[in-house]
Structure formats: C-alpha cells, structure tokens
Amino acid sequence: MVDFRAHQDKTEDVMEFHVAVIPGDGIGPEIVAEARKVLDKAGEKFGCQFTYRELLMGGASIDAYGVPLTEETLAAAKASDSVLLGAVGGDVGNSRWYDVAPNLRPEAGLLAIRKGLELFANIRPAYLYQELNKACPLKEEIIGDGFDMVIVRELTGGLYFGKRYTEEVDGVKRAVDTLVYDENEIRRIAVKAFDIAMKRKKNVISVDKANVLDSSRLWRSVVEEVAKGYPEVTLSHMLVDNCAMQLVMNPGQFDVILTENMFGDILSDEASMITGSIGMLSSASLGAGKLGLYEPSHGSAPDIAGKDLANPIATILSAAMMLRYSFDLDDAADAIEAAVRKVISEGYRTVDIMSEGCTRVGTKEMGDLIAARV
C-alpha cells in the first residue's frame, strides 16, 4: 500500500491533501458529493488541492465483498491524510444487510474503522443558529440566547467494545454485555476535552453514572486528576439522566460535555435535535495524531435516498472540521462555516429545517449555494 500523505508542490506552491472518501449507503453518496464540491471551492480560494480516493464500507462493502469493512479499505484509510464518510446502514427492519451476524452488519464496519484507525475521541459540536430558532423544538424561553456546546465522547471503549454473548442457562436465555474502561482510556479522552475547553469558555461538565457504576466512579476520579493540570478550566460532574433532562431544560449552560461511549452516543443525538435538525450536526473522530474520520451525526436515511431531499450541511461542516483538525487550515474552515451561516441567514432551507417565509432547496442546490459563498 502506497502511503499518499500530504505534500507541498514546489512548483506551484500548492498544498495537496489526500482524502479517503467513503460515500457509504442511503443518502451518503449525495451528501458527500456536496461536501467535496465545497472543499474544492475552499481549496481554490486558499491555495490547496484535495485528491480523493473512493472506498467502500457498510452495506455497499457487504454487497461488493461480503463484509462491511475489508482489510484493503482499512489500509487505504490509514494511508490517507483524513477520511470523509457519508453514512452507513439501511432500514434495519427491511434490509438484507441485517439478517446476518452482528459483526457482518453495516455498522460493524464503522466500529471497526474507528478501532483500526485508533480514533478514541468523537467531537460533536451542537450550535443553534439564530435563524433556526423556529426549527428548534424547545420553547423560546428555554432557548434564550441560544447555545453552543461540544460533546466529547470516548469512542473505542465501554459497552460497545466489551465482551458480549447470549447463552441459555437452565432453559432461560440471557444476554451479557460488558462495560470496561481502564484509567488510560479515560485519561486520554479527558485531556482532549480539557484541551478543547481551553479554546472555548473553559468549562467542562463530565457526565457519568457514578451513583451506580464502578466504571463511572473510576471515570470521575481520573477526570478529576486530569483537571488538576488545567487550573483555568472549571470542572463539574453530572449524572447522565440529569444531563438528558438539562439538555432540554437549559441547554445554554453547557460548554464542553465529556462522557463515555454509550452515554455520548445518546446525548449527542439528543443535542442534535435541539439544533433544529440532526442534518445540521457535524462530527469528528480523532486519535493521537492528525488523521481523523469526519462524518455527519445522522444516519443513512434510506427512505429519502436519491430524492434530492437530504440536508448536506452536517457533512459540509464535518469537512470544515477536517480542514481545522487534520490539515490546520483554520481560515478555510472558517470560510466554510461562514458560508453556511450566510446561506441560512439568506433564508435557504432543505425540507428538514424549512419554515414559513424561507426558500426550499434540494441537496444539490444547497451545496451549490454554500460553495458559491465560500
């Protein structure tokens, strides 16, 4: 496998980045196409070039190779500068991809690539654009001046990666899922959260279930230890059930939420819906180095695939995160984020965020509008 990392073109002084692109399933190919369109426009403006290599994962990989992630795909992703992912999976209740063992289902490919790339930190911003207040399901008095939070979720440990099995004991079936964390796993994700907080409002709320779980008690003690190295950051703890309530009662109180894998999975989806639509929420999965996996927080939405209805903004904002975290192109990332705000302020909406008085556009037109304003 050839390692095709970023390099400087000496003759034209253009920085080239090699991006592994996984369009995935459902609406994935449509929204990734719009993100590439915006990336290319940012590249033209800021003197960089993106070379894409398309790879298969999820249901598309199952159809082609019989497995959700091949070793060749993983190797190609490792050899890239970053990975841009659309979405994987299909309709669980009506899909040939799910009448198989769990390790052969589309989502197993996502878990495997995160593990294979050693991406232990999932970063999910949740920001309410003022123009989308009406799309937010919360009352105006709860929304207040809006909210701007980041959920930092541990990604490669906990219940999703612990030993699991189903057995029959004395004629009764039982299933076992194991939640395991060690102090090193907790420490490295806590450091990520505190580093992010230092660039924001310097406030971390660590979410656990320390009143019940041993893993959460270890989590809390390690987070407190890490906090000692960040005296400027305020740390508080919140039980996960209370956090779920607080997100819909007073979302403006949150800056950085730090939590484990399953809690973060649930809370970040909840946070996405109070932004107006899960189609607005970007996501980055990071490890110790610059290589990252960037994807929207939503699923593959097979019911609207191919209909030019999907909101590409989450994927476009995920691409902006890629520019910021993997390529250190903050100006280009800022330009994309500003273009998204501009389009929203001008009243353009996909169907999921549509409100009275706005102009409805499809997936492709939304991508065109954002690219034109970069």
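Contact here means that heavy atoms lie within 4.5 Å. The exercises below concern a predicted model.

**Exercise 1.** State which residues Ile123 touches beyond its neighbours within four places in sequence, and place Ile123 in the nonpolar interior.

*Solution.* Begin with the list of partners: once neighbours within four places in sequence are left aside, Ile123 is in contact with Val150, Ile151, Val152, Ile196, Ser282, Ser283, Ala284, Leu286, Met321 and Tyr325. Next, turn to the largest nonpolar core, which has 86 residues and in which Ile123 is listed, together with Phe50, Val152, Leu258 and Ile370, among those with the most contacts inside it. Finally, note that another core lies apart from it, with 17 residues that include Leu69, Leu74, Leu85 and Val88.

**Exercise 2.** Decide whether the radius of gyration of the protein agrees or disagrees with that of a compact globule.

*Solution.* First take the chain length of 374 residues, for which a compact globule would have a radius of gyration near 21 Å. Then compare this with the protein, whose value is 21 Å, so the two agree. To complete the picture of its dimensions, add that the C-alpha trace spans about 65 × 50 × 45 Å along its principal axes.

**Exercise 3.** Describe how the residues are divided between interior and surface, and how the charged side chains are placed.

*Solution.* Start with burial, since 52% of the 374 residues count as buried. Continue with the surface, where the protein exposes about 16700 Å², 50% of it supplied by carbon and sulfur atoms. Then consider charge: there are 40 positive and 57 negative side chains, and the centres of these two sets lie 1 Å apart.

Key: Residues are numbered from 1 along each chain as its sequence is written. This is a predicted model: local features need pLDDT of at least 70, side-chain atom pairs count only at pLDDT 80 or more; totals for chains, interfaces and linings use all residues. Side-chain values use heavy atoms; hydrogens and water are left out. The radius of gyration is taken over C-alpha atoms; the globule rule is 2.2 Å times the number of residues to the power 0.38. Buried means under 20% relative accessible area, exposed over 50%, partly exposed in between (1.4 Å probe, protein chains only). Accessible areas come from the Shrake-Rupley method with a 1.4 Å probe; for residues, only the protein chains shown count as cover. Lys and Arg count as positive and Asp and Glu as negative; His and the chain ends are not counted. The place of a charge is taken as NZ of Lys, CZ of Arg, CG of Asp or CD of Glu. A nonpolar core is a set of buried Ala, Val, Leu, Ile, Met, Phe, Trp, Tyr and Cys residues joined through side-chain atoms within 4.5 Å.
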